[in-house]
Amino acid sequence: MEESNTELAQIAVRDEALPIVSCDSKQWLDPGSATKAEALRQVLQQHSGDRHLVVLQDFPDPDAMSSAWAYKLIALQYDIECDIVYAGALSHQENIALVKLTGLPVQRLPLELAKSKDWSIYNGCVLIDNQGTTSQLFSLLKTAEIPLIVAIDHHTIQDELSAEFLDIRPHIRATATIFTQYLMAELLRLDINVSDHVKCATALMHGLRSDTNQLRQAREDDFMAAAYLSRFYDSQLISSVLQASRSKRVMDVIERSLKNRIIQNNFSIAGVGYLRYDDRDAIPQAADFLVTEENVHTAVVYGIVHDEDEDIELVTGSLRTNKLTLDPDEFIKEAFGKDAQGRFFGGGRSQAGGFEIPMGFLSGSNDSKDFARMKWEVFDLQIKQKLLKLVSPKDDLIHSTN
């Protein structure tokens, strides 16, 4: 028994001074995960020589980007070339640092350029860490009749998808965990002497940690994946990513959220006004901050984000919660409902969620400060009323103080 514990300890801690313990990683997989990995292998074999477009959500997080990189490396084993794209922006300091420090092969494809792009160079598309509902690009691909080959995600089912390979596992805390299981099934043999393998393992570890709240919300599958990745990842590199500084604009948004928050029934709700498109990631960071306040278990922060390229505005919000019995996906869907096409304005996963509501006819035209202020007040009041109907259903609706 002592010998077994020693072996596990050597596997769980990466130390270049010690030899890597030999271990059959397939033994760590449950039968269901192994079956999924084999099914993906067969699909990739059938598409040998293809070129795939890997589509991320408009504002990709470390879980999405690292998983997409893992897919790209796995696909290379089957002579499949992949381009990883997103339509929005990277503004969170850790996301920017992750891409810069690891050389993660992801590229922005703005919607304006995407509308005139020749999609015929791709044999199919792939959805990673999303189901198409959070990507502006996916609707263009459907219109262009680019087939969906693979969809892999850990969020609750958002839309009906028809793909050759579908792996949607809401009980898994991170898509990076699912991809690490594919690696454990040897769809790709990681080599500590290959720079891209080490950097991708580092990115996967960061993605897994970030989506499990630094492993505090991790389950057995996530811990097993982290233990496997610990044999390959670069601890100094991940420390450099985590030490990225917050920008002044992010700090300003956090300050606004503190100033504007209202607290009711342990919910902290804050509108932060207008934000530039590139500063959108300040909203979830503000929610992360507000939920740490004493006697607060859930924080919702939202603002109006202006996309200057498309000249449109969106009400964008993030929810963070420490309450185990609150389902962010159900809460957001119940609060904001669906659009005219029957698609929900938002959703979530365990202890986190987000929403985006297009402003339609009221978008833009903010040259007048008075008009911009009135428009914000209307949307601010409407969002608060929808949230407070769930937070305090027996109370009267809030009224404008102006």
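Start by selecting Gln-77, which in this predicted model sits in the loop between helix H3 (62-76) and strand S2. Colour the residue by accessibility and Gln-77 comes out as partly exposed, because its relative accessibility is 48%. With Gln-77 still selected, add Leu-187 and Leu-188, both of which Gln-77 touches when residues up to four places away in sequence are not counted. Then add Ser-48, which lies 29 residues from Gln-77 in sequence, with the two C-alpha atoms 8.9 Å apart in space.

From the loop, move on to strand S2 (residues 81-86), which runs parallel to S3 and is joined to S3 by 3 bridges. To see one bridge pair, select Val-85 together with its partner in S3, Gln-107.

Next, widen the selection to the open sheet, where 6 strands with parallel pairing follow the order S3-S2-S1-S4-S5-S6. At the edges are strand S3 (106-108) and strand S6 (165-168), each of which pairs on one side only, and from one strand to the next the twist averages 25°. Now show helix H2 (residues 31-46), which packs on the sheet and touches strand S5 (148-153) as well as S6, its direction making about 150° with that of S6.

For the last stop, select Phe-361, Leu-362, Phe-371 and Met-374, which form a nonpolar patch on the surface and together have about 440 Å² of accessible area. Of these residues, centre the view on Met-374, which is placed in helix H14 (residues 369-391). Is Met-374 buried or partly exposed? Met-374 has 44% relative accessibility and therefore counts as partly exposed, since that class lies between the under 20% of buried residues and the over 50% of exposed ones.

Key. Residues numbered from 1 in each chain as written. Predicted model: local features only at pLDDT ≥ 70, side-chain atom pairs only at ≥ 80, totals over all residues. Heavy atoms only, no water. Pairing = 2+ DSSP bridges. Helix = DSSP H or I, 4+ residues; strand = E, 2+ residues; numbered from the N terminus. Axes fitted to C-alpha atoms, helices over the stretch in contact; angles between N-to-C directions. Contact = heavy atoms within 4.5 Å. Patch = residues over 30% accessible without salt bridge, like charges linked within 9 Å, V, L, I, M, F, W, Y side chains within 5 Å. Areas by Shrake-Rupley, 256 points an atom, 1.4 Å probe, with all protein chains shown as cover. Salt bridge = Lys/Arg side-chain N within 4 Å of Asp/Glu carboxyl O. Buried < 20%, exposed > 50% of the residue type's maximum accessible area, 1.4 Å probe, protein only.
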